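Below are my notes on the model you sent. They start with one helix and its surroundings, then turn to a helix pair and to the chain as a whole.

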Amino acid sequence: MAMKPSNNIWIRRQQCPCGDWKCYIKYEGDDQASANSQLVKSETSSTSLPSEVVFTPYVGQIFKSDDEAFEYYSNFARKNGFSIRKARSTESQNLGIYRRDFVCYRSGFNQPRKKANVEHPRDRKSVRCGCDAKLYLTKEIVDGVTQWYVSQFSNVHNHELLEDDQVRLLPAYRKIQEADQERILLLSKAGFPVNRIVRVLETEKGVQPGQLPFIEKDVRNFVRTCKKTVQENDALLTEKRENDTLELLESCKALAQRDPDFVYDFTMDPNDKVENIAWSYGNSVRAYSVFGDVVTFDTTYRSITYGLLLGVWFGIDNHGKAIFFGCVLLQDETSQSFAWALQTFVRFMTGRCPQTILTDIDSGLRDAITSELTNTKHVICLWHILSKLSSWFSLPLGPQYMDFKSQFDILCHLESIDDFEHQWRHLVALFGLGSDKHIGLLYSYRASWPFSCIRGYFLARMMTSEYSKSLDMFFKRTLSAQTCLQAFFEQVGVAASLANQSRENMQYMHIKTCMPIEEHAQSILTPYAFNVLQHEMVLSLQYEAREMANGSYLVRHYKKMDGGCLVIWMPEEEQIHCSCKEFEHSGLLCRHSLRLLAVKNYFQLPDKYFPLRWRKESSSSLITMDDHNTQINSDEYSQAFHSLAATLLTESLVSKERFDYVHKELTGLLDHVRNMPVVEEVALDIAPNNIDES
């Protein structure tokens, strides 16, 4: 398979964090993986599934093209135990090719070949036996429309026809799909022999031995054919990577000269080639000063073309939208590379470390965080774990997988560590997973992902599905097959430059409870934060607060006779603490605390329970910091447009043809711009350095 070095291919990291080369991740919701899975099922299950009836061809049957006729005859042949091949074609000067002959794969006789000058030449037996089964096509033009009709047809064979489970093994029906080709090459590079590659593919696809749509011989031939091509492409890709990374570095240097707030850093390998490179923008650094309390370091994607891992730092703004903080490209996934990335990011952000960092499961990254961010809490994003469950457990558990998945979801959200430990042991025993390596992997990271263990960590609502979707949208819109490093750098720059657009059109949140604390909160919090707090206020009306002997309060739902949360109120300091730890987790008070404050006749929440990151004024502070830069940029944009327009006018007045063309194109462009979404929607569904996003 010849790779195309002209394009950059960004893919999700497929190597499983368990470290086993035979194990890789097929993400749930991955359309390509799903399509490939369906293809394998259709290829390997043709004997058991009812299929569309293909009628016997007949003389006079008409097709729109010769390709359509070949496909029809091929489907007929497969269902009748043989395959076909293209034989003779006849051509004329006026009609081009006007006759096509399709014959049985055993048609004709093998012509004797000249013996190779070797000591023991191979005597290959031919499958051809002079079979006369055939379908001849003739082209005709009727009313100016070209069509092909069957001029001769014979379905008489002089050999035995094959059964369904045998016919799929004929060379004509054995195909290695592109996704399988990439996997085969990856395993081959890792040193896997062909027979083990086949076993791995069978295991990954969940098919019985020998039921792949290709055989071991096809894999061996494919690897042999690709070996030279891969070596040539590796050389081309190495050269491309060196040139493009150098070009990226030059772009960073040029931007740093134009924009003193832009920051970047890089490392060189022993051969003086660019190894790792990271960058960030002034708007990102300023946004981090307000919203840098919690950071997501997303390392989901890597480039096949460049062999580089992409890492992107995101935050969450006061409107619950993702903010772009910085970007890094790493040559490898070692703890040393991750350590350099984290050191560089903290330096970009003026030495301030986040309270919490969210990542995927990665041992190298975990070690780097432990050494470089000693006071930062490390959390594994739950959606990363859930996306791997199917790859890890669907095959071992079979029909039990869905039951396992639902019970695992309950396990993730248990509030007590003791309950988690008890339920974990029960889950492992119930499904017989005591020796499963992925269960062991999850348990070794248990301090970083179950809600019971991280409920006291500040996450600022980063674990919501809406936030996860905003990250996915960012990657979908910035990564494509055409995204070379230079284009990616420019696209990220566009996203970052659209950071400080305030959201005057945020939806107004109506009062629901008429509680004075609700009206007070509405005047301080952004609509996003107020909506979350308002929801808790509405639910708080269904809770009772009962004073305990030690002065604390038990707050629980009026319909429940047991359970509830323990709330401690200290009036002197105006401090309130709830055992659910929602305020510590999100920065917004829970229903239990709100209920007790209402009982204590509070008409306004204490100021300390309105963190700056959720206030409306946090947007204003960033806008104020950027006012000067915004004015400069506006002047530059205006000057650039005036210069371009003046040049366009001069050139268009040379001739009427030029003027008409420019007038037509500008009119269309103006209509297109007027119909474009507002600026905040242009920003790739993220608020890269900002502020608000509807």
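1. This is a predicted model. Helix α10 covers residues 382-397, 16 residues in all, and spans 21 Å from its first C-alpha to its last, close to the 22 Å expected at 1.5 Å a residue.

2. α10 nevertheless bends, by about 35° at K388. K388 is also among the buried residues of this helix. After α10 comes G398, with a positive phi near 60°.

3. The buried residues of α10 are L382, W383, H384, I385, S387, K388, L389, W392, F393 and L397. Their cover includes the strands β9 (294-298), β13 (356-359) and β14 (377-380), together with the helices α11 (401-412), α13 and α15 (465-478).

4. α13, which contributes to that cover, also packs against another helix. Helix α12 (residues 417-430) and helix α13 (residues 437-444) have axes 12 Å apart, at an angle of about 175°. The pair is therefore roughly antiparallel, since the angle is over 145 degrees.

5. Which residues in α12 meet α13? They are E421, W424 and V428, and their counterparts in α13 are I439, L442 and Y443. By class, the contact has 5 nonpolar residues, 1 charged residue and no polar ones. An α-helix has 3.6 residues a turn, so residues three or four places apart point the same way.

6. For the whole protein chain, the model gives 23 helices and 18 strands. Of its 694 residues, 44% are buried. Among contacts with a separation of 6 or more, 64% are between residues 24 or more positions apart.

Definitions and conventions: Residues numbered from 1 in each chain as written. Predicted model: local features only at pLDDT ≥ 70, side-chain atom pairs only at ≥ 80, totals over all residues. Heavy atoms only, no water. Axes fitted to C-alpha atoms, helices over the stretch in contact; angles between N-to-C directions. Helix = DSSP H or I, 4+ residues; strand = E, 2+ residues; numbered from the N terminus. Parallel < 35°, antiparallel > 145°, perpendicular 65-115°, else oblique. Contact = heavy atoms within 4.5 Å. Nonpolar A, V, L, I, M, F, W, Y, C, P; charged D, E, K, R; others polar. Expected span 1.5 Å × (residues − 1). Bend = angle between axes of the 7 residues up to and from the residue. Buried < 20%, exposed > 50% of the residue type's maximum accessible area, 1.4 Å probe, protein only.
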